[in-house]
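Here's a quick walk through one sheet and the helices that go with it. Have the model open while you read.

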Amino acid sequence: MTEIMKAAVITEIKKVNVIDVPMPKIGPRDVLLKIKSAGLCTWEQRIYTGQAKAEYPFLGGHENAGEIAAVGELVTNVAVGDRVTMGSSACGTCRACLRGEDKGCAEHFLNFSLKGGIYGPGGFAEYKVHRSDGVFTVADAPWDKAALAEPLSCAIHAARLLGAKLGDTAVVFGSGTMGLMNLLVLKKSGLRVAVVDVNEDRLEKAKKLGADLVFKSDEKIRERIKGAFLGGVDYAITAYGSDDVNQDALDVLNNRGKICLFASAHPVVPFAIDPNVMHNKETSAVGVVSADRCDHALATEMIAHNQIDLSELIDATYPLSQAQEAFHRATSTPSYRVMLNP
Ligand SMILES: [Zn+2]
């Protein structure tokens, strides 16, 4: 196997270079993945635009699917040629792991860290090293859909932490890729779901993907949501990080409702909650980022068995050599996922 591979590295704000980097080496418990598809997530888009801080050069890419090209000597769960999605690892022995909450394991971000001097998760490249417990077989699902197992796992994680079930009601604020991922999972779970956004095209997409109601955000949004849901909803998910959205979400909750802070906020504005309102309404607040391995396993299974259709969330695909164009596309027009196919 060759000693050099191509990688699409962000070298400064709004600048992506496809460069030669050393082929990563695998350890006894690792697999080498030939990357087939990689989604440009919001975090990486923010690093590209300079909105989020990162060390440059930065090698992004953590929404990945690919083929196993080599396995370390201790790997037993997958073999060369297997088609897999890529998720997190876990030690299996710490308190978080033993409680089934391995998102809190110190090894959770193991596969998303420094690679040979270049900072970043490393999926915008021809090959990537991953520990074997972080890969999940995906049958013959199309590569681009398979690469979306990671963002889908986050929405599954949110629904699980909320306890969303048949007959419940929810409103999702934000109709971008992650808002729609939440919509799809909540609909699949049997909920009545509304989606709120400022962009009418995005709301059209939400309708197409099964939203029971869509609302264009305005100053009467709270009344309109409450009116449509007999006074309030059981869950409000903020897939867009802003204090206005957080306050709207909090206000439209039912008694014993739960607000889910799904998106990060840029800039950060403190979230003010009236403790007496929370006390009297028995409100819960749940923060969600990433997912436990069981959520990723379920996301992969749903994609493998075609139980959820993510094709509407894929806007465009580019070869690795056009990574600059891909980042430009993902950050310039309101878009859903843009994929790189190394
Ligand atoms: Zn652990």
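Strands β11 (residues 233-238) and β12 (residues 253-261) run parallel and are joined by five bridges. If you want a spot to look at, find A236, which stands opposite I259 in β12. Keep in mind that this is a predicted model.

Zoom out and you'll see that this pair belongs to an open sheet of six strands, ordered β10-β9-β8-β11-β12-β13, with parallel pairing. At the edges stand β10 (213-216) and β13 (284-287); each has a single partner strand, so one side of each is left without a neighbour in the sheet. From one strand to the next, the twist averages 20°.

Now for the helices on the sheet. Here's how α6 and α7 sit on it:

| Helix | Strands touched | Angle to β10 |
|---|---|---|
| α6 (residues 200-208) | β9 (192-197) and β10 | about 175° |
| α7 | β8 (169-173), β9, β10 and β11 | about 165° |

Helix α7 (residues 221-228) also packs against helix α8 (residues 243-251), at an angle of about 30° and with the axes 10 Å apart. How do α7 and α8 run relative to each other, roughly parallel or roughly antiparallel? Angles under 35 degrees count as roughly parallel, and α7 and α8 are therefore roughly parallel to each other. The crossing of α7 past α8 is right-handed. On the α7 side, I221, R222 and K226 make the contact, while α8 brings Q247, D248 and D251. Sorted by type, the residues of this α7 and α8 contact are four charged, one polar and one nonpolar.

Methods. Residues are numbered from 1 along each chain as its sequence is written. This is a predicted model: local features need pLDDT of at least 70, side-chain atom pairs count only at pLDDT 80 or more; totals for chains, interfaces and linings use all residues. Side-chain values use heavy atoms; hydrogens and water are left out. Axes are lines fitted to C-alpha atoms, for helices over the stretch in contact, and angles run from 0 to 180 degrees between N-to-C directions. Helices (H or I, at least four residues) and strands (E, at least two) are DSSP runs, numbered from the N terminus. Angles under 35 degrees count as roughly parallel, over 145 as roughly antiparallel, 65 to 115 as roughly perpendicular and the rest as oblique. A crossing is left-handed if the near helix is turned anticlockwise from the far one by less than a right angle, and right-handed if clockwise. Contact means heavy atoms within 4.5 Å. Ala, Val, Leu, Ile, Met, Phe, Trp, Tyr, Cys and Pro count as nonpolar, Asp, Glu, Lys and Arg as charged, and the others, Gly among them, as polar. Two strands pair if DSSP finds at least two bridges between them.
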